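Student: I have a structure open on the bench computer. Could we go through it together?

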Amino acid sequence: MAFLSPVRVELLGNRQAVVDGCRGIIEYSDTCIRLSAQGLILKFTGTGLEIRAFTDSEAIVAGTILGLEYS
């Protein structure tokens, strides 16, 4: 049985989010970024959104973050 690493989201105010456990980008615009993360979909909404860094396990979302949803 394979175990998935937990997903960790660290918000730095409403200006930046660090996502550990990120696997891929599903949607990318300046108002909505959706990321795949260990069986979850994380949806960031806001203005001026961008991905500042992306590695095989981490993403940094920057801009004015107005909402965060997961499913």
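Student: Is V9 buried or exposed, and why?
Tutor: V9 counts as partly exposed because its relative accessibility is 32%. Buried means under 20% relative accessible area, exposed over 50%, and partly exposed in between, with a 1.4 Å probe and protein chains only. Please note that this is a predicted model, in which local features need pLDDT of at least 70 and side-chain atom pairs count only at pLDDT 80 or more, while totals for chains, interfaces and linings use all residues. Residues are numbered from 1 along each chain as its sequence is written, and side-chain values use heavy atoms, with hydrogens and water left out.

Student: Where is V9 found?
Tutor: V9 lies in strand 1, residues 8–12. Strands are DSSP runs (E, at least two residues), numbered from the N terminus.

Student: Changing topic: which residues have the most contacts inside the largest nonpolar core?
Tutor: They are V19, I33, L35, F44, L49 and V61, in a core of 13 residues. A nonpolar core is a set of buried Ala, Val, Leu, Ile, Met, Phe, Trp, Tyr and Cys residues joined through side-chain atoms within 4.5 Å.

Student: Which strands supply at least two residues of this core each?
Tutor: Strand 2 (16–20), strand 4, strand 5 and strand 6 each do so. The largest share, four residues, comes from strand 5. In soluble globular proteins, nonpolar side chains tend to be buried together.

Student: How do strand 4 and strand 5 pair?
Tutor: Strand 4 (residues 32–37) and strand 5 (residues 40–54) are antiparallel, with six bridges. Pairing requires that DSSP find at least two bridges between two strands. A37 has L40 in strand 5 as its bridge partner. The two strands form a hairpin with two residues between them, and Q38 in the turn has a positive phi of about 50°.

Student: And strand 5 with strand 6; how many bridges there?
Tutor: Strand 5 pairs with strand 6 (residues 58–70) over 10 bridges, also in the antiparallel sense. E50 stands opposite A62 in strand 6, and a hairpin through three residues joins strand 5 to strand 6.

Student: Now the cysteines. How many disulfides does the structure hold?
Tutor: It holds zero disulfides, a disulfide being a pair of cysteine sulfur atoms within 2.5 Å.

Student: Why is C32 without a bond?
Tutor: The closest cysteine sulfur, in C22, is 14 Å from that of C32, which is too far for a bond.

Student: Are C22 and C32 buried or exposed?
Tutor: C22 counts as buried because its relative accessibility is 0%. C32 is buried as well, with a relative accessible area of 8%.
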